[in-house]
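Subject: Structure handover

Hello,

Here is the structure we talked about, with the sequence. My notes on what was found follow below it.

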Amino acid sequence: MPTDIITFLGTSDAVPSWERSHASLVAHMAGQTILLDCGEPCAKNLAFECVNFGGIDAILLSHLHPDHVAGLPQVIIGMWLEAKRTRDIPVFMPAEGIETFRKLILTTYLFPELIKFNVDFRPLSDGRTFAVGLVQVTPHRTTHLDSIRRIAGDKHGIACEPFLYELAANGKRIAYSGDLGEAGDLLSVLDRPLDLLVTECAHFSPQSLFETLRDKPVTRVALTHLHRQLWAKKEDLPAMAKDYGLADKLVIARDGMKVEF
Ligand SMILES: [Zn+2]
């Protein structure tokens, strides 16, 4: 069976950083190339990793915070000018953003008549599985935006619906958290064995994450999106994880890191 692998393009939190790019990773799984989130400078990092812009089969956006989506138009430029792509690109995302993003692509002059392919935005539905080639993708809603929906989202008519993603193919199963409200949001994908869990660690303590993962059927855990203060103390995390039986499973993601599964 060919090797499946993810490459971290950006592992930063939302604060601009000189040493880390914003949230984005590319998964090569079951012959598909899937881009998960497009924090900038996503296109530059795809070029650096020699990922063929024409070979990307789908883009999955977890939610619409700019540190997860701001690089999207430049990725479309890469598909046009670098790859001379003619195949439509599906972009799965929370339904609340689709009209705005469709307009963004048009008002940045990326007309389908010009670039020769369609940017095909498709809405997510909690728990509803869809296929990208042989990869079965299931989005699960998280609580990441619940508090800001109560503060202002309802007033502005924005649903504030974030998702984590589960990807399964050829008997392998991985998950990407996007952003969470609490570590317990991960329970939606921890009921069955996971070969790899990529999870953020910016919105809760590492201890609460490790407690959630204790005794769960996860082979490897890659931490990304560490908030700035935690990033400065990342060397302490493996020892901390040991208390929860996770020391041998833990990977601290850095930009450019590759993890096979
Ligand atoms: Zn977020």
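**Sheet, helices and backbone**

Strand 5 and strand 6 run parallel and are joined by 5 bridges. One pairing to look up is Val91, whose bridge partner in strand 6 is Phe121. Please keep in mind throughout that this is a predicted model.

The two strands belong to an open sheet of 7 strands with mixed pairing, in the order 6-5-4-3-2-1-14. Strand 6 and strand 14 (258–260) are the edge strands, each pairing on one side only. On average, neighbouring strands of this sheet are turned by 20° against each other, direction ignored. As a general reminder, the strands of a sheet pair through backbone hydrogen bonds, either parallel or antiparallel.

Next, the helices. Helix 4 lies across strand 5 and strand 6, and runs at about 170° to strand 6. Helix 3 covers residues 72–82, and its buried residues are Leu72, Pro73, Val75, Ile76, Gly78 and Met79. What covers these buried residues? Among the elements that do so are helix 1 (42–48) and helix 2 (66–69), together with strand 5 (89–93), helix 4 (98–107) and strand 6 (119–123). Strand 5, strand 6 and helix 4 therefore come up again here, as part of the cover over helix 3.The backbone has a few points worth checking by eye. Most residues other than glycine have a negative phi, and most peptide bonds are trans.

- Glu40 and Pro41 are joined by a cis peptide bond, with omega about 0°. Pro41 sits in the loop between strand 3 (32–36) and helix 1.
- Lys84, which is not a glycine, has a positive phi, near 50°. Lys84 follows helix 3, in the loop between helix 3 and strand 5.
- Tyr109, also a residue other than glycine, has a positive phi, near 70°. Tyr109 is in the loop between helix 4 and helix 5 (112–115).

Are Lys84 and Tyr109 buried or exposed? A residue counts as exposed if 12 or fewer other C-beta atoms lie within 10 Å of its own. Lys84 has 12 other C-beta atoms within 10 Å, so Lys84 is exposed. Tyr109 is exposed because 9 other C-beta atoms lie within 10 Å.

If you open the model, a simple route is to begin at Val91 and its partner Phe121 in strand 6, then go to helix 4, which lies across strand 5 and strand 6, and end at the cis bond between Glu40 and Pro41.

Regards

Key: Residues numbered from 1 in each chain as written. Predicted model: local features only at pLDDT ≥ 70, side-chain atom pairs only at ≥ 80, totals over all residues. Buried ≥ 20, exposed ≤ 12 C-beta atoms within 10 Å, placed from the backbone. Helix = DSSP H or I, 4+ residues; strand = E, 2+ residues; numbered from the N terminus. Contact = placed C-beta atoms within 7 Å. Pairing = 2+ DSSP bridges. Axes fitted to C-alpha atoms, helices over the stretch in contact; angles between N-to-C directions.
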